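Ready for a few warm-up exercises on a structure you haven't met before? Try each task yourself, then read on through the worked solution.

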Amino acid sequence: MPPSVIILLCVLAVLVFTMFLVVLSRYRRCPSDKILVIYGKVGTNSDGTTRSAKCIHGGAAFIWPVIQSYQYLDLTPMSINVDLTNALSHQNIRVDVPSRFTVGISVEPGVMQNAAERLLGLKLAEIQELAKDIIFGQLRLVIATMDIEEINTDRDKFLEAVSHNVETELKKIGLRLINVNVTDITDESGYIEALGKEAAAKAINDAKKSVAIHNRDGSIGEASALKDQRISVAESNANAINGENESMAEIAMSNAQLREKQAEAQRRATTAEKISAAKALEEAYAAEQLAEKARAEREFATKQADIITAARIEKERMELEAEAEAEQNRRRAKGEADAIFATMEAQARGVQEVLEKQALGYAKIVEAAGGDTSAAIQMMLVDKIEQLTKIQVEAIKNLQIDKITVWDSMGGKGEGGSTTANFLSGMMKAIPPLSDTLKMAGIQIPEFLGKQIPVNEAEPAPQAVAEPQENEAAEK
């Protein structure tokens, strides 16, 4: 057999063995004292909804890797000590009912599903606290619907009501009630103790009454026998009878005094018991008043602590919000400053670029003029002469003249022209000549634009001949 085939077979054997180990490692057996809870992709219910978990008590199951996982729920019973105090009964009497409840996780199909959904992952102490809260509430509810006499005398009815209410609520979280043991039932007012004393006193009185009746019957029978005996011997023993009668009278008197003293003693005992019971009730009411006062002070302190804590939390929250807003304003201002700086820097670079380009253009113009700056300036003026002339002409372009009244005598101030013509000519002369504008700028007009003729060399303007017209008015 070739070596490559042997190697391939070994690799296949290793793979098969590895898969077998993986299958064995994912096969889980459920102990009898636990519930195996498989969660992940576990299928759907009969109504088409997705199942949250699959619960197995006993047996085993294969746990698919990646898509499924598992945990165990412990079925060990939990003993919960419930020291219920100040529970209000139907008669508005507060009683103490110390008791012990034994609960455990249920293995019923529906209840077991509830346990998987609500108790999986919780520790034993957490489950006990949860069950204890439910038991406290239901125990108070049952006591509130029953009288003290029912709770104290009919314990079976009380335990049945407690078991029914508690187990109904425990099933909602997956637990079942195993046992209920009520240690004792007491009340702060001493009502239950007074009931016991009342029953004991009634039993004693009934016993005393029965003894007195039997004594009376015995005395009557004895007196009848003695009477028969005395009648039979009356004739022979008259003196004895008289003596016996006197003795019987003394005996009757003594018995009457005895019964009177017994009745007085009974009355004193009953009075003492009633006074003792009244004092016990008075002390119980005083103790209850002190307890209510302490509870009111505790509730006041609790509410005061809650208000102060809430105020402190609100104060810290407002301080944090103010600090956050201030930090936000600082960052916003810094960002705006950075934006302004970047804008100004960009504008400066733009202005610098424009000036550099202008300087480069001026340098090329001077270079084109052969290095003569005057010639370069003249070249630039030739390029701008049209704009300068336009600006000079527009000096009076927007002049607003609504009405001008001219009294023209056609004298022309001896110059032979009319006053109206001189007015318009003078207005035009008010605009400085282009050469004067350039001189004010320190620039000499080039000769190719025209040579300026001095004023004294200029030829006199021809004078217009106009016929004098007097008292003629021109209105424009």
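A disulfide is a pair of cysteine sulfur atoms within 2.5 Å. Keep that cut-off handy for the opening task, and remember throughout that this is a predicted model.

**Exercise 1: Cysteines**

Find out how many disulfides the whole structure has, and work out why Cys55 is not bonded to its closest cysteine.

Solution. Start with the search: across the whole structure, zero disulfides turn up. Now take Cys55 and look for the closest cysteine sulfur, which sits in Cys30. The gap is 9.8 Å, and since a disulfide needs the sulfurs within 2.5 Å, that is too far for a bond. Next, check the surroundings: Cys55 has a relative accessible area of 16%, so it is buried. Cys10, on the other hand, comes out at 46% and counts as partly exposed.

**Exercise 2: Aromatic pairs**

Count the aromatic pairs, then decide for each whether the rings are stacked or edge-to-face.

Solution. The count is two. For Phe62 and Trp64, the ring centres are 4.9 Å apart and the planes meet at 90°. Planes over 60 degrees apart count as edge-to-face, so that is the label for this pair. Then there are Tyr70 and Tyr72, with 5.9 Å from centre to centre and 80° between the planes, which is edge-to-face too.

How open are these four rings' residues? Go through them one at a time:

- Phe62 is partly exposed, at 26% relative accessibility.
- Trp64 is partly exposed, at 49%.
- Tyr70 is partly exposed, at 25%.
- Tyr72 is partly exposed, at 32%.

**Exercise 3: Strand S7 and its partners**

Work out which strands pair with S7, and in which sense.

Solution. Walk through the partners in turn. Strand S6 (residues 78-88) pairs with S7 in the antiparallel sense over nine bridges. Within that pairing, Leu84 stands opposite Val97 in S7. S6 and S7 also make a hairpin with five residues between the strands, where Asn92 has a positive phi near 60°.

Strand S8 is next: S7 and S8 pair in the antiparallel sense over seven bridges, and Val103 has Leu177 of S8 as its bridge partner. Last comes strand S9 (residues 186-187), antiparallel to S7 over two bridges. There, Asp96 faces Thr186 in S9.

Now ask whether S7 is enclosed or open. Nine of its twelve residues are buried, so S7 is largely enclosed by the rest of the structure. Ser99 gives you a close-up of this strand, since it is found in S7 (residues 94-105). At 1% relative accessibility, Ser99 counts as buried. Leaving out residues up to four places away in sequence, Ser99 touches Ile80, Asn81, Val82, Leu139, Asn181, Val182 and Thr183.

**Exercise 4: The nonpolar cores**

Identify which residues have the most contacts inside the largest nonpolar core.

Solution. A bit of background helps: in soluble globular proteins, nonpolar side chains tend to be buried together. The largest core here has 41 residues, and those with the most contacts inside it are Phe101, Ile143, Phe158 and Leu175. Helix H3 (residues 124-144) supplies the largest share of this core, seven residues. Apart from it lies another core of seven residues, including Val42, Ile56, Ala61 and Ile63.

Zoom in on Ile143 to see what surrounds it. Beyond residues up to four places away in sequence, Ile143 touches Leu84, Ala87, Leu88, Ser89, His90, Val95, Val97, Ile151 and Phe158. Two of the names there, Leu84 and Val97, you already met as opposite residues in S6 and S7.

**Exercise 5: The inner side of a helix**

List the buried residues of helix H2 and say how they are arranged around the axis.

Solution. In H2 (residues 109-118), the buried residues are Val111, Met112, Ala115 and Ala116. They cover an arc of only 145° around the axis, so they lie on the same side of H2. What covers them? Strands S2 (34-40), S3 (53-56), S5 (68-74), S7 and S8 (175-182) are included in that cover.

**Exercise 6: A glycine in a loop**

Place Gly43, and find what it contacts.

Solution. Gly43 lies in the loop between S2 and S3. At 38% relative accessibility, Gly43 counts as partly exposed. Setting aside neighbours within four places in sequence, Gly43 is in contact with Thr50 and Arg51. For a distance check, go to Lys54: it is eleven residues from Gly43 in sequence, and 8.8 Å away from C-alpha to C-alpha.

Key: Residues numbered from 1 in each chain as written. Predicted model: local features only at pLDDT ≥ 70, side-chain atom pairs only at ≥ 80, totals over all residues. Heavy atoms only, no water. Helix = DSSP H or I, 4+ residues; strand = E, 2+ residues; numbered from the N terminus. Buried < 20%, exposed > 50% of the residue type's maximum accessible area, 1.4 Å probe, protein only. Contact = heavy atoms within 4.5 Å. Phe/Tyr/Trp six-rings, centres within 6.5 Å; stacked < 30°, edge-to-face > 60°. Core = buried A, V, L, I, M, F, W, Y, C linked by side-chain atoms within 4.5 Å. Arc of directions from axis to C-beta. Pairing = 2+ DSSP bridges.
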